[in-house]
Amino acid sequence: MATDLHRQVIRPAGQKTDRKPDRPGTGTGTGTGTGTGAGTAVRVEGLTRAFDGRAVIDRLDLDIRPGEFTALLGRSGCGKSTLLRVLAGLDREVEGSVLVPRRRAVAFQSPRLMPWKPVWRNVLLGLPGHPDRAVAEQALEEVGLGHRSGAWPKTLSGGEAQRASLARALVREPDLLLLDEPFGALDALTRITAQRLVAELWQRRGCAVLLVTHDVDEALLLADRALVMENGVIAHDNPVALPRPRDPGDPRFAELRSRLLDQLGVDNHPAAQAA
Amino acid sequence: MTISKPPPDISVIPDQGDVLELEPIISAASRRRHVPRWLRRTAGPLLLLALWQVLSSTGVLEPDILASPGTIARAGKELIADGTLPSAMLVSLQRVALGLVFGVLAGTALALVSGLSRLGEDLVDASVQMLRTVPWVGLIPLFIIWLGIGEAPKIALISLGVAFHLYLNVYAGIRGVDEQLIEAGTSLGLSRWGLVRHVVLPGALPGAMTGLRYSLATAWLALVFSEQINADDGIGFVMNQAREFFRTDVIVVCLVVYAFLGLTADIVVRTLERLLLQWRPTFTGK
């Protein structure tokens, strides 16, 4: 089942897909995502992406299972956003093999709504056929924005615009949802709400999610797996086997956090270092 | 650590004297003057008109130099009554309308070709930029040789002026579209044509509207130029005749008509802008 969900980014094969019926665990499990779905939602082998001869991504391998929530961490400039753009099909100057689902959606750091279209038209933009406004409104309802469907993007607050952008991604019923630091520009309070919303939507939709972030706590709150990227490859792959909903006060949470910070090269034991 | 200072004794503050002076923040709605906007906008021109009439009546401004507003109004009434002005206006309007249609079509088409594709840019943009440096009024003699002295050279001149302005602005508008939005459109699965329709063209619209306003101004300018030469009807012709007889009042009537037509065109574009660009998060003035 899994293989015909995919197509190559470089050479489109254009196979028709069916909806993936399986769902991830209800959220209380160990967090490895799917129960039944063997196979992969993303398969990357030997991916290289160079800018002016400098390889930002250097023979990178990555597998993501269907329905799995993966967080991708890394220092600024390590190539994590580039990897996301490659998976989204926005960057095709690559070598190596990249297999991704046909149905994929991106939510960027800034909402990137077309300012000349009201919110509901933004949500429907690019959908095949002429879907009804009700389709958009349903998706907007899901992110708690049903009442703003007719508004111009300029009248939305930052959090609202980000939710509209999320609705636009979800209305495509993606098998792979790519999130590029979607909470980066939000204030701390809005961010917490938005993180909860994403967790809820993921559990309801059951799509694979790749979240690019530089916030270790965010990764640990949301993801089944926290990857750390370094020198153009996935340097560390940490399963996050914590029960949901997660509590940052949990000692296991704290232990994972300090491990991740170590992997990111952040000196998080200043006292120990000094001794 | 202990607190060394006692709390301030507020009972000894005098009722008057050193008390802070507070001022209210007045809401923007109440600060706005209650004179309607249209009245404020017409007040300036009306004042200017009154000043002109006063100068003419007191003899400071002689009628040979410039007729008084009263005389001009009378001349205007006469010209309208004997049908000279309406028929001249119709002819001139027709010229501008035809010139605009051809110019807008040509300018937009060229801008789309060079704005949307790299190949088009290489082929079209360099040539247009080169031709643009030729002052288009200088082309009048050539146009007369090519197209004779009928309607064709006049319309061609108007089209040329319009096309250049529109080309520049639409092209700049297309190239000014936010790359991030193009990328978002791509990620949503829009085809190339979908991108053009839903992202590039709406994004270029503000530029196109600016171009249209410039084009209209140019169109009237081109009309005046072309009607001064070899015209046997139209507003320019009426004006030329008036010059022969030193009728400054008729000349001014014609100028007023030009201005009026220009203003009408501007209102049309403003209305279009208001309808088409209401999504724009721009500063609208306080």
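**Contacts along the chain.** I started with chain A and its contacts between residues with a separation of 6 or more: 70% of them join residues 24 or more positions apart. Here two residues are in contact if their C-beta atoms, placed from the backbone, lie within 7 Å. A note to self: this is a predicted model, where local features need pLDDT of at least 70, side-chain atom pairs count only at pLDDT 80 or more, and totals for chains, interfaces and linings use all residues. Residues are numbered from 1 along each chain as its sequence is written, while chains are lettered from A and ligands numbered from 1 in the order in which they are written.

**Helices and strands.** I looked up the secondary structure of chain A and found eight helices and 10 strands. These are DSSP runs numbered from the N terminus (helices: H or I, at least four residues; strands: E, at least two).

**The sheet.** How are six of the strands in chain A ordered? They form an open, mixed sheet in the order 6-7-8-4-9-10. Two strands pair if DSSP finds at least two bridges between them. The edges are strand 6 (104-107) and strand 10 (233-239) of chain A, each pairing on one side only. From one strand to the next, the twist averages 20°, using axes that are lines fitted to C-alpha atoms and angles from 0 to 180 degrees between N-to-C directions.

**Two pairs of strands.** I then checked strand 4 (residues 69-74) and strand 8 (residues 208-212) of chain A, which pair in the parallel sense over four bridges. There, L72(A) has V212(A) as its bridge partner. Strand 9 (residues 225-230) and strand 10 of chain A run antiparallel and are joined by six bridges, with L227(A) opposite D237(A). Strands 9 and 10 of chain A make a hairpin with two residues between them, and N231(A) in the turn has a positive phi of about 50°.

**The inside.** I see that 43% of the 275 residues in chain A are buried (20 or more other C-beta atoms within 10 Å of a residue's own, with C-beta atoms placed from the backbone). The largest nonpolar core (buried Ala, Val, Leu, Ile, Met, Phe, Trp, Tyr and Cys residues joined through C-beta atoms within 7 Å) has 105 residues. Helix 7 (residues 151-175) of chain B gives the most to this core, 14 residues. L87(A) is among the residues with the most contacts inside this core. Leaving out residues up to four places away in sequence, L87(A) touches V42(A), V98(A), V100(A), L178(A) and L210(A).

**Where the chains meet.** Last, I noted that 13 residues of chain A are in contact with 17 of chain B.

Key
A residue is buried if 20 or more other C-beta atoms lie within 10 Å of its own, exposed if 12 or fewer, and partly exposed in between; C-beta atoms are placed from the backbone.
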